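Hi,

Here is the structure I promised to pass on. Have a look at it first, and my notes on what turned up follow below.

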Amino acid sequence: MRTEGKGRLGEVLFAGFLVAVGAGAVLYTGSWPLKAALYPRVVGSALVLASLACCLLAALDRGEKRAAAVELELDSDLPAPVVRARTLESLGWIGGFLVAGWLVGLIPAMVLLVLAYLRWVGRESWWFTGVFTVGTWAVLEGFMVRLLHLPIPTGVLTSLVVR
Amino acid sequence: MVEALLDGLLRVLQPNALLYMLLGVFIGFWVGILPGIGGVTTLALMLPFVYGMEPVQAFAFLLGMHSVVATTGDLTSILFGIPGEGLSAALVLDGYAMAKKGEAGRALGANLMSSLVGALVGAAALALAIPVVRPLVLSFGSPELFMLTVMGIAFIASLSGRGARGLARGAAAGALGLLLSAVGQDPQAGILRYTFGQLYLWGGIDIVPAVVGFFAIPEILDLMVRRSSIAASVPTGRLVGVWEGVKDCFRHLGLTLRCSVIGAFIGIMPGLGGGVAQWMSYGHAVQSAKTPEERERFGKGDVRGVLGPGAANNSKEGGALIPTVAFGVPGSSAMAVLLGGFFLTGLVPGPDMLTKHLPVTYSMVWTLALANLVTVALCFPLLPYLARLTTIRATRLAPFLLLLVFVGAYTANNSWGDIVVALAFGALGYAMVRFRWPRAPLVLGLVLGDLAERYLWISVARYGWDWLGRPGVVVLLVLTLAVLVYPFLQEWRERRTAQLLHREVAHAD
C-alpha cells in the first residue's frame, strides 16, 4: 500500500515535471517569429494539457488498472533497499565512466570501465578480467581507430601529458 | 515484363553479381548487429566502391548490404534490449521480454521468418507496383503526409495504454517527443530553438543516441541491479525453440502479411521512414488482440509483437525503392544515398528505369529477395548459440552492453554530446518505465516531429487553411479520430457485454 502511494506520488511529480517542461517551452518562444514559434507552441501546449490530465488522474488514482502501458516492466524480487543501493551504484559506474572519459579519453575510459566492473562487481579472476579487457581494447582500437578512423576525443590529462 | 523479370534474375545470378551480393550480405550482417552503426552510414561509406561496377553488380552489393542490416539489426533488440538500428526499437518491447522469459530462440526464429516474409512482400510490391504507383504517390501531397504523421502518433498513443489515463500518458509522451524534435535550428526562419548555447544541439537531437539510450539504458540498469542473466532462472534447454518461432510466423501469417503491406505502404511514402513502419505495424499487432487479456500480453513477450515489426522493417525497403526507382524521389535517407549509386553507375532514375533498364530494376527486386533468403539461411544455424547469450551472467554482460551503447551513441556524430544525449534519454526512459508510461509514442514523436512541422508549413504556405478540406485529409482525419475513440468504444462494449452477462446470470438464478 505504501509502495503504491509512493508510486502515485512519483507519477504525479513526473507528470508535474512534464507540465513545467511544456509550459517553459511555450514561454521560451515569446521572442521568436511566428514561423519558428508556432510548432513548439502547439506541441508544448498539447504536452501541458496531456500532462495535466495525467497529473490529475494520478492524483485521483483513476483507472491505473486499465492504463498500464504496453511496456517492459522492471522486474526484481530483491528487497527495495538493495534495489535502491544497486541502482545508485550502477549510476555511479556510469557517472564514473563519464568522469574517466573526460580525464583520460573515451577509449581508455571504456577499457577502465570493463576492467574495474569485471574485477570489483563481477568478482572475476584477474586472468579472465585481463583477457577480456585486452580483447575489448583490441576491438575498440581496431574498429574505431584503425578501421573507421573515428576522431576519438582525448582526455584533459592525456592532452596535458602530450603537451 | 516476364522476360525482363527472368532477365533480371539471370543477371543477379551471374558469378560476379552474386559474389558482390554475398560480400554486401556479410558487411550488412555485422553492421546491423552493432548498435548505432546505421545502414545509411555504411551505404554512404561503401558508395565509392561501386565505381566501375556494372549497374546490376553495384545494386547487388549495395542493396544486398542494406536489406540485411534491417534483419540483423533486430537481433540485438531481441537479445539485449539494445536497438541494433536506431529505428528498430519496436522489437525491444516484446522481443526482449521474450528473451527474459527464456524464449530468445523462439523470438529470433519468429523475427527471422517474418523478416523474410516481409522482404518477399516488399520485393513483390516493388515488382507489382512499378506500373501503377505513379497516381498513388502523386495524390499524396504535403497535407496528406502531415495527416499521416498525426495519425501515426495518435495510433501509437491510443494503443500504448488503455482508458483515459493510458491515452493521456500516450498523448503526453507523444507531445514530449514532438517538442524534443523542435530542438535545433528551425527550418523556416533559421531561429535556434532550445539549443541553450550548445553548438551540438544546432542540428537537433540525433535519433540514434536518443533511441539507443532511451531503450537500452533502463534495461542495462535493470540487469546491473538484478545481477542475474537476462533469461534468469530459465532452464537452458528451453532457450532453443527457434522452430517454434518459425511456426508462429505461419500461425499468424495473416498478421505478418498485413504488417508487411503496412511496411511497404509506409516505405512508398517519401520521408516517413522505417521507424514509422515498425511502430505502425506494432500498433496493428496490438490492435489485432481480440480480448483485453490478450492485449495485456503485449509488452510482456507476445510473439505477435515480434512478427509485426519484423515483417514491416524489411518490407519497407521494397516499398521505399518504388518512388526512388520510378521518380528519383527517395523514400528514405538510405534511398537518398542509394540514389548516388544510380548516378555513379550511369543510370538516371525515372521512366527509363521502367522501360530501357527494366531488367536492372527487376534485378533489384531479385536482390532484395535473394539477399534475405541468404541471410535467413546463414542465421538459422547461429540462432541457438545467439540465444544462449541470454544466459551469461549480468556482471559479465553489463560492461559489454554499456560499451555497445556508448560506441553506438558516439558513432552517430563522433561527439561527447552523443553520449550525453544517450544518458539523458536513458534517464528519461528509466523514469517512464518506472512509472509505467509508454516509450513508443515519444520515439515516434521524435522521429516524426521534423516531418510534421515541415509538411504543416508547406500545407499552410501552399493552400492556406483550405488544405483541411482536401478529401484525403478528411479521410485521414476521420481515421485519426476513430483511432482515438476506438479504445473508449471497445471499453464501453466490454462493460455492456459484462453487464448483460451479469443480468442473464442473475435472471437464470
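Before the first residue, one cut-off you will need: a residue is called buried when 20 or more other C-beta atoms lie within 10 Å of its own, and exposed when there are 12 or fewer. Bear in mind as you read that this is a predicted model.

Let me start with Ser90(A), which sits in helix α4 of chain A. Is Ser90(A) buried or exposed? It has 21 C-beta neighbours inside 10 Å, so Ser90(A) counts as buried. Once you set aside the neighbours within four places in sequence, the contacts of Ser90(A) are with Leu221(B), Met224(B) and Val225(B). If you want a reference point within its own chain, Gly10(A) is 80 residues away from Ser90(A) in sequence, and their C-alpha atoms are 21 Å apart in space.

That brings me to chain A as a whole. Chain A is built from seven helices and has zero strands, so to speak a plain α-α-α-α-α-α-α when read along the sequence. Of its 163 residues, 28% are buried. If you take the contacts in chain A between residues at least 6 apart in sequence, 61% of them join residues at least 24 apart. The domain assignment splits chain A into domain 1 (2–67) and domain 2 (80–162). The centres of these two domains, taken over C-alpha atoms, are 37 Å apart.

Chain B has 23 helices and two strands. Here 60% of the 509 residues count as buried. For contacts in chain B between residues at least 6 apart in sequence, 80% join residues at least 24 apart.

Now for where the chains meet. How many residues of chain A are in contact with chain B? There are 52 of them, and they touch 56 residues of chain B. On the chain A side, the elements giving two or more residues are α1 (2–28), α2 (34–60), α3 (64–67), α4 (80–104), α5 (106–121) and α6 (126–147). The one that gives the most is α2(A), with 13 residues. By class, the chain A side breaks down into 35 nonpolar, 10 polar and seven charged residues.

There is also a nonpolar core to look at. The largest one has 198 residues, and Ala172(B), Ile220(B) and Val405(B) are those with the most contacts inside it. Both domain 1 (2–67) and domain 2 (80–162) of chain A contribute residues to this core, so it lies between them.

Next, a helix pair in chain B. Helix α5 (residues 90–100) and helix α6 (residues 104–129) of chain B pack at an angle of about 140°, and their axes are 7 Å apart. α5(B) and α6(B) are therefore oblique to each other. From α5(B), the contact uses Leu91(B), Gly95(B), Met98(B) and Ala99(B), while α6(B) brings Ala104(B), Arg106(B), Ala107(B) and Asn111(B). Sorted by class, that contact has five nonpolar, two polar and one charged residues.

Also in chain B, Leu451(B) is found in helix α22 (residues 440–463). Leu451(B) counts as buried because it has 21 C-beta neighbours inside 10 Å. Which distance separates Leu451(B) and Phe146(B) in space? From C-alpha to C-alpha it is 7.4 Å, although the two are 305 residues apart in sequence.

Last, two backbone spots you may want to click on:

- Arg123(A) has a phi near 50°, a positive value in a residue other than glycine. Arg123(A) lies in the loop between α5 and α6 of chain A, and with 9 C-beta neighbours inside 10 Å it counts as exposed.
- Asn414(B) is not a glycine either, yet its phi is positive, at about 55°. Asn414(B) is in the loop between α20 (394–413) and α21 (416–434) of chain B, and with 15 other C-beta atoms within 10 Å it is partly exposed.

Cheers

Key:
Residues are numbered from 1 along each chain as its sequence is written. Chains are lettered from A and ligands numbered from 1 in the order in which they are written. This is a predicted model: local features need pLDDT of at least 70, side-chain atom pairs count only at pLDDT 80 or more; totals for chains, interfaces and linings use all residues. Helices (H or I, at least four residues) and strands (E, at least two) are DSSP runs, numbered from the N terminus. Two residues are in contact if their C-beta atoms, placed from the backbone, lie within 7 Å. Ala, Val, Leu, Ile, Met, Phe, Trp, Tyr, Cys and Pro count as nonpolar, Asp, Glu, Lys and Arg as charged, and the others, Gly among them, as polar. Domain bounds come from an automatic or database domain assignment. Axes are lines fitted to C-alpha atoms, for helices over the stretch in contact, and angles run from 0 to 180 degrees between N-to-C directions. Angles under 35 degrees count as roughly parallel, over 145 as roughly antiparallel, 65 to 115 as roughly perpendicular and the rest as oblique. A nonpolar core is a set of buried Ala, Val, Leu, Ile, Met, Phe, Trp, Tyr and Cys residues joined through C-beta atoms within 7 Å.
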